Structure formats: structure tokens, C-alpha cells
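User: Hi! I'm new to reading protein models and would like to know what stands behind the words people use. Could you go through one with me?

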Amino acid sequence: MLLKISWRNIWRNKKRSIIIIAAVMTGLSAGIFLVAFYNGMIEQRVNTAIQSEISHLQVHHPGFTNDYDINFSLKNGAAILKQVQADPVVKATTGRVIIKGMIASAAGSSGITINAVIPEQEGLVTRLPGKLVSGNYFGAGKNNELLISQKLLNKLKLKLSNKAILTFQDKEGNITSAAFRIIGIYKTINTPYDETNVFVKIQDIDSLAGLNNQFNEIAILLHSNKTLKATRLKLSTAFPGITIKPWTEISPEIGLTVSVSEQMVFIFMGIILLALAFGIINTMMMAVLERTREIGMLLALGMNKIKIFKMILMETVLLVIAGCPGGIAFAFTAIAITKRTGISFKKFEEVYASFGYSDIVYPSLDRRQFGLIMLLVILTAIISALFPAWRTLRLKPAASIRK
Amino acid sequence: MNNTVLDAHNLKRVYDENTIPVYALNGVHLHIVRGEFTAIKGPSGSGKTTLLNMIGGLDEPTEGYVNINGTNITQLKGNKLINFRLNNIGFVFQSFNLIPVLTAKENIEFIMLLQKRPKAEREQRVKELLKEVGLADKAGKKPGELSGGQQQRVAVARALAPKPQFILADEPTANLDSVSAGNLLDMMAKLNREENMTFIFSTHDQRVIDRARRVITLEDGKIVNDTAPASLDHTLI
Ligand SMILES: Nc1ncnc2c1ncn2[C@@H]1O[C@H](COP(=O)(O)OP(=O)(O)OP(=O)(O)O)[C@@H](O)[C@H]1O
Ligand SMILES: [Mg+2]
């Protein structure tokens, strides 16, 4: 009965109710879509990072990570690589030498990270050839070839096929320099990375630095993130004394991006819900004040205050629930469409790239988040209903009826 | 056997106590026995509504007490008082009596629902009452689709539904034309006769006053005349 009265009360002032329902619809669909959009952005960022930057797992000498010291190379790198390559869960793997150094031209110099790679295997792990915007990938036969980004090239006032000087410490700690020919210009979606990284062939650095075919980094790309833990465990048992880091640890800034984005979503949701709450409070206050006389009559007849409180609460919650299907349908349709087409931000490509994001986002939503949003919306409805409902508790029947 | 349903003692109600006090009621004693059909008359502002509110437990007296069927309702508070009203007093107001979103049938059923009466009993009683107030064919109509007189009859039926101790009606005919007013009074009188239901109503309307068996006249918050029969023992039971 209470439910019946509440439901019918909603339709007494159709215009007002429809406004609230529309507000719920808009708020809910905007909220859901926003979360999905952020998810898409993060997922895409993480995938890009794994597929083209950091891989699923990286293996190092325990001392390597912080200072990139050339002496912290993997003693049994070749053996590790061999075992990893044989594992069917591994999609691709490669060894590298990573050293800090300098690049210089007549026009200037810049501190950089030198990535010495095995050309073919590197292509499989990070798709390096695919990142070339001009020039060529490493060829066979030629020595001292260099891949560089356009940004760095501009900074050094160099052009394709010019030479640049790379300087770094060799195994004995002596400063070594060599001229490298720029054969290709690469571009990732991560601008800051591009400005500080160059690629060379591993054998060039190997001979210059006297490394004797040792790596200081092995990158492993898996077919699926699901086998990450098991693979890591297998390796660490087989080769004690090495550090194996998953992508979450290799790139803490990606983890940070994820958590910052989550906070952003919460802030936005908060704003949406706050606006919704104000709308609801306003509307229900009007509804309650308008019906003072009627509520007084209900009190007089013997409807107790708890029931009246419930009636107002129910009215509000029903109003919100009435707006939910529309909002959900709208958001899900939008997600379904944009999931296929993607949302393009071509115009803001530069901005996105400077944060390491690509300019096309594919929204997605998981069940847990959807549940959470629904819970938040319903909670907002109940909390905003409390105030108008509480107002009814103070009504005195005699005075209300006189009105 | 004690047939007293209502006993009000030295009722006073003061408004605006701290500024210019208005004595809406000023020492009213009232004794009502089962089966009475009593009108309260008096000029506007004489305290009729205030008196009905006091004896109906809608407002608290500044002084004095109201005893209904052995319960001192002046001492009841909050939901206890509301529940007492629910089970003991029927109300008919001047206008906007009914819950606008419910049909005539649902309005009559409403109080029995609050009392958690079983469905079969409710259905039975609603049917009975609709017939009694002559609105059997209007069961599914909402108040907005009924005339003023029909609405008041639904209100009487609703007040009657839970078989209260008495029914209070504050100017029930004020918004009705004389034919509807007459019909409503006929109906109330019939219920009074046939079901021995006690009615206490306030009115300005002389034709309504003429139908009452007892007439109490209020002036400035005091009873100035009461045509109570010398002995009330002739009433039924
Ligand atoms: N809430 C209130 N605040 C202040 N004074 C009030 C209030 N309610 C009633 N009064 C005063 O109490 C007195 C009695 O009012 P009451 O409504 O009981 O009279 P009444 O006989 O019902 O009048 P009417 O025939 O116009 O309905 C009046 O002087 C009125 O102004
Ligand atoms: Mg009055």
C-alpha cells in the first residue's frame, strides 16, 4: 500500500518528476560512461606500455635497476634467454644492453639512455620497426647504426643519415666514444621517452664496451597476463640470484596513472552525485511542503511518523530507480558503440602523447564498477531523501490541517 | 454499565502565550456517552475546531485532560497517540479529506490496512460501507472524480471502517450544497441509529443543527448552552 501511494505520488507532479528522472538518467549515464572511458584510457595505456615499451617481465642483475651500471650484467643471460624462448607461454623475448650515456653533435649534446638491442628479436618484443616514421631499421652487415626520435634530432640539429657521437663508460670504467650513423627516426606515443632514448645494435656496443656477449636486461612478452606469476616463479627457481620484475613494478608510473585516474573518476562521480542530490532534495522538499495538509491528515488518521517517513523515502528512491533503466541503457549503448569505433582525440594527439596515451580510446566497464556506481546512486537517493522525509517528522497534525 | 466514551475536564487552550494570549478554549467540560449525535455550534473563532482537535488528540490542551473510554490521551505521546487515534477515533474534515492518489475503495481500506486487518475482512467491510454510503458504483474512482458530497461520504465510510469509539467531524457540510449536505446528514443519522455510532460534529449550518439530538453552543472558548437531555440513560445499550 505504502509502495502504491509512493508510486502514485510521483506522478502527481509529472513535470517535476520527469525532470528528476531525466537528471538521474543523465547523471547515471554520464557517470557510467565516464568510468568506462577512463577504464579504456588506462587499459589502452597499460597495453601499449606492455606491448611496446616494458613487456610483461624484465630480468636484471639485482644491482642493475638504479644506476644502469654496465657491470651489473646477467652472468647466465644466454641460458636464461634459451629457457624462456622454449616456454610456450612466451610470445617473444630478447636480451638487451642498457647503458646511460651522452649523444652529441656539433650543435649540442644530451644525456640519454642507450638501448642496445638484437634487431630481429627486439622487433618481436616491442615492435620497434613499426615505430619508424622515416628511414630504415637496422640492416645486416653495417656497423654503428642509430635509431633516434625526431625531437632529439631537432635538438641536435641533425638530419637522417648524419652521424652523431655516443659516449659511455666501458666495462673497465673508461670513457668510450664512437660515431653512429642515423639510419632511422622512430616515434612512440610517449614523447618524454622518445626524447631520452636511442637504439643501437647490441654487437656494436658489445665490442665497444667489452661485454663479451652479456646482457643486462632480458624482456619477456607473454601471450597472456594470466601466466605472469607462474612464469616469474619458474624463472626465479631456475635462476636464483636474478631480479624478475613484472610490469607493475617496472613502470610504477603506470600503476600511479591507474590510481590517479581512479581518483579522478571518484571526484567526477562525486560532483555528479552532489548535483543529483541537490536536485532530489529540492524537488522532494517542494513535494513535502506542498503536501503539508495532506500529511497532517494522514497523521490525524493514524498513520505513524515512521510510515510517513518511509513513504517519502520510498517516493524518492522510486523516482531515482525510475531514472536508472534509461540511464543504464543510454550509457551501455554508448559504450557498446564506442567500444567498436573507439573515441578519437586526433586534435589533442600531442597532449595525449606527452602523457604516454594514444589518441584513440576504447571505453570498457566491468561488473564490479557498475555495481559500485549503482550502489552510489541509490545511496545518494536515500541520503538526499532523508532531509525532506525528516521534515515531515516535525509536522503537527492540528497545525498542518489548518493550513 | 458505564456508557461514557469521552470525558473532557476543564480544557483550556491558549495560543500565543507569550505575546497576547488568546484563550481559544477556556475551561470546557464535556461528557459524551455512546450513541450520541451531537452538534457543536458557535460563531467563527469560538473554539469549535480547537475543541474537536483536543478531544481527537490532534492537539494538546494547555490545561485539563481528555479521557477516552478510560484512557487519558493527554498523557499519550508520539506514535502511541497516533496509534490510539488510529484504533479509536474516526475523523471527517471539512475538505481535502481523502488521499488523492487512492480510489474510494482504497481510501476506505486505508485505515484498516494501517491496522493490519486481514485482507478478507477489509474487502468485506469496504463493500459493506460503500453500499451503506451509497457509493457502491464509485469504488474505483479517485477523489478528483467524485463530487464534494461523494467525497465526504467516502470520508465518513473511511472513518467508520475501523469501528472507532466515535467520529469527529469538523464542519463536514461546509463545502457542500444543501442537497448534498442533507444527504450526508441523513446518512450519518442512519449510521447513528442503526450502528449506534457516536457522532460529534461542528457546524454553522442551522439545518444541520436541527438534525442533532444534542446541541452544544460555544462562545469565546466556553460552553454557553448545552441541550443535553436530562438523563442520557434512554440512549441505547
Ligand atoms: N494556530 C493558532 N495560533 C493562534 N491562534 C489560533 C490558532 N488556531 C486558532 N487560533 C485562535 O483560536 C480561536 C479559536 O479558533 P477555532 O479555529 O477553534 O475557532 P472555530 O470556532 O473553529 O472557528 P471557525 O468557525 O471559523 O472554524 C480563534 O480566535 C483563533 O484565532
Ligand atoms: Mg473551525
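Analyst: Happily; we will take the sheet and then the ligand site. This is a predicted model, where local features need pLDDT of at least 70 and side-chain atom pairs count only at pLDDT 80 or more, while totals for chains, interfaces and linings use all residues. Residues are numbered from 1 along each chain as its sequence is written, chains are lettered from A and ligands numbered from 1 in the order in which they are written, and side-chain values use heavy atoms, with hydrogens and water left out.

User: What makes β6(B) and β7(B) partners?

Analyst: Strands are DSSP runs of E with at least two residues, helices are runs of H or I with at least four, and both are numbered from the N terminus. Two strands pair if DSSP finds at least two bridges between them. Four bridges join β6(B) to β7(B), residues 166-170, and the two run parallel, so the definition is met. Across this pair, B:Phe91 stands opposite B:Leu168.

User: Why are β6 and β10 of chain B said to stand at the edges?

Analyst: The open sheet has six strands in the order β6-β7-β8-β3-β9-β10 (chain B), with mixed pairing. β6 (89-92) and β10 (222-226) each have a single partner strand, so one side of each lacks a neighbour in the sheet. From one strand to the next, the twist averages 20°.

User: How do you know which strands helix α2 of chain B touches?

Analyst: Contact means heavy atoms within 4.5 Å. By that rule, α2(B), residues 78-88, touches β6 and β7 of chain B. Its direction makes about 80° with that of β6(B); axes are lines fitted to C-alpha atoms, for helices over the stretch in contact, and angles run from 0 to 180 degrees between N-to-C directions.

User: What makes the site of ligand 1 shared?

Analyst: Residues from chains A and B surround ligand 1, so the site is shared between chains. A residue is near a molecule or strand if one of its heavy atoms lies within 4 Å of it. Of the 15 residues around ligand 1, those that come nearest include B:Ser44 and B:Thr49. Helix α1(B) gives the most to this shell, with three residues.

User: Why is the pair between B:Ser44 and ligand 1 called a polar contact?

Analyst: A polar contact is a pair of N or O atoms within 3.5 Å; within protein, one must be able to donate a hydrogen and the other to accept it, and residues adjacent in sequence count only if both atoms are side-chain atoms. An oxygen atom of ligand 1 is 2.5 Å from an N or O atom in the side chain of B:Ser44, so the pair qualifies. For B:His204 the distance is 3.0 Å, again from an oxygen atom of ligand 1 to a side-chain N or O atom.
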